[in-house]
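Visitor: Could you walk me through this structure, one question at a time? I would like to hear how each term is defined as we go.

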Amino acid sequence: MPGRWRRTPAAPSRAVTQPLFLPQGRPTNPTLRTLGASRARIFPRAPGCRPSVRAMVLPGVRAGAGAAATKMVQMRCRVDGSERSQSPGPGTQRAAVYVHWPYCEKRCSYCKFNKYISRGVEEAAMRSCLVTEVQTLLQLSGVRRVESVFFGGGTPSLASPHTVAAVLEAVAQATYLPTHSEVTLEANPTSAPGSRLAAFRAAGVNRLSIGLQSLDDTELHMLERTHSASDALQTLAEARSLFPGRVSVDLMLGLPTQQVGPWLGQLQELLCHCDDHISLYQLSLERGTALFAQVQQGTLPAPDPELAAEMYQEGRAILREAGFRQYEVSNFARNGALSTHNWTYWQCGQYLGIGPGAHGRFMPQGAGRYIREAWIQTLEPNNWMKEVMLFGHGTRKHTPLGELELLEEVLAMGLRTDVGITHQHWQQFEPQLTLWDVFGASKEVDMLLEQGLLLLDHRGLRCSWEGLAVLDSLLLTLLPRLQEAWQQRTSSSVPGR
């Protein structure tokens, strides 16, 4: 498959200017999920059967501080006017592609993602619709180059390698997909024996993300995972032999009954078997899940946030000692094995969401203006397929992003990384207000700088090692400061004021 990918850019496609024929009466655009440790597809959705994670908050700040900061972004009245044209910028012809496979063998006890139990899946129809939608959205977006493709779910390792190959071929035919582009597949141990992984590699996959979650069989049973610890380690070994240096694993923390010492023992054991990328995720109890009900009924104790914070701090120290770079709140890599796809999200690059319930951020072309929009596809697979067959895509909602709203995303997403936000990166989104203009004269920000949690210098704005762990608390100061600076600028630009 990789040999068939195009090495030269495809000819520009004709701009699509006809109405989108979007279904009406759907819920509003998905909320901005910027706080807490992110995964691939932080906006498309949390990864298949993977919990969301929160960065810790400063001592003395209430536990809901992260949620309050998020709500601050979500609920404020937009003052910037979302219909103003944004600069197209140098990256508007580049994007990542996320492909959502919505089916699973069973629903894990903590999972509330958009997924469905696979009984009698019409894979040929699903494959055809995925191909159609990726072709349509690539044309609508005007994207000329795809930097990465991520197959998530659900459990995409349940899909056939033929489906993966067909989607990649469609991307390569519609735009430029370099042979070295990162192509990631999420896999659960029980659906990914070595022979199947080899078939996915032949289809074009060159990176795996394995939902290991725990090396304790009792915890795996509580989570209602379909694999054992030995299954996970066997799959990991087979994956490393097929994808050396390009295998990521997930480890959960903050589970009910979980203790610091045994969890650190799991992490140490994992270091004896893992490749060069590890993600640490804290359990987020979601209303409507079996695990939430068990905690509410008293069958299981509520997770202890203090213990989870200790696990996270001790765990990241162990990983640093083992040569891993914490390049994002919950993601650790060594030997340069960072996820290209995830990095697109954290840098607020464009990405297309393909498949039921997938989210995207891109600038549709052909309307005579450049405005980034948030897209979400229809959730239920059968309804989504009907819409794709009728209209070429199954879009539930698409909403223009205002300039301030986009800057808030740039701030909250960029600070999740160890690089933070460089001055050059900020200027791509806001050429008038510099980082110094926004944060340089704030007493509250000065206090964070003096405490060693934040750095603002010639490189830009970023968290320190200590600050990265309490990002939620920092955003409670930084987001209002950005909004205040924006309001001052817009007020001064109004005639007569």
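Guide: Gladly, and let us begin with a definition: a residue is buried under 20% relative accessible area, exposed over 50%, and partly exposed in between, with a 1.4 Å probe and protein chains only. This is a predicted model, where local features need pLDDT of at least 70 and side-chain atom pairs count only at pLDDT 80 or more, while totals for chains, interfaces and linings use all residues. Residues are numbered from 1 along each chain as its sequence is written, and side-chain values use heavy atoms, with hydrogens and water left out.

Visitor: Is W346 buried or exposed?

Guide: The value to look at is the relative accessible area, which for W346 is 0%. W346 is therefore buried.

Visitor: Which kind of aromatic pair do W343 and W346 form?

Guide: Rings of Phe, Tyr and Trp (its six-membered ring) pair if their centres lie within 6.5 Å; planes under 30 degrees apart are stacked, over 60 edge-to-face, and the rest tilted. Both tryptophans lie in helix α10, three residues apart, about one turn of the helix; helices (H or I, at least four residues) and strands (E, at least two) are DSSP runs numbered from the N terminus. With 6.4 Å centre to centre and 85° between the planes, the pair W343 and W346 is edge-to-face.

Visitor: How many aromatic pairs are there in the whole structure, and which kind do Y327 and W343 form?

Guide: A search of the whole structure finds seven aromatic pairs. For Y327 and W343, the centres are 6.2 Å apart and the planes differ by 35°, so by the angle classes this pair is tilted.

Visitor: Which parts does the pair of Y327 and W343 tie together?

Guide: Y327 is buried at 0% relative accessibility, whereas W343 is partly exposed at 23%. Ring pairs link Y327, W343 and W346 into a cluster. Because Y327 and W343 lie in different elements, their pair ties together parts 16 residues apart in sequence: strand β9 (residues 325–328) and helix α10 (residues 340–346).

Visitor: Which ring do R316 and R320 lie over?

Guide: A charge sits over a ring if NZ of Lys or CZ of Arg is within 6 Å of the ring centre and within 35 degrees of the ring normal. R316 is 3.7 Å from the ring centre, and the charged end of R320 is 3.8 Å from the centre. The ring in each case is that of W465.

Visitor: What is the strand order in the open sheet of three strands?

Guide: Two strands pair if DSSP finds at least two bridges between them, and two bridges join β15 to β17 (residues 460–463). One bridge has T422 with G460 as its partner in β17. The edge strands are β15 (421–422) and β16 (454–456), each pairing on one side only. The pairing is antiparallel and the order is β15-β17-β16.

Visitor: What classes of residue line the second largest cavity?

Guide: Its lining includes V99, W101 and F151, and β1 (94–101) and α3 (161–174) each supply at least two residues. Ala, Val, Leu, Ile, Met, Phe, Trp, Tyr, Cys and Pro count as nonpolar, Asp, Glu, Lys and Arg as charged, and the others, Gly among them, as polar. The lining therefore comes, by these classes, to eight nonpolar, one polar and no charged residues.

Conventions
1 Å grid on protein atoms, 1.4 Å probe; cavity = no way out; pocket = protein on both sides within 12 Å on 5 of 7 lines; lining within 4 Å.
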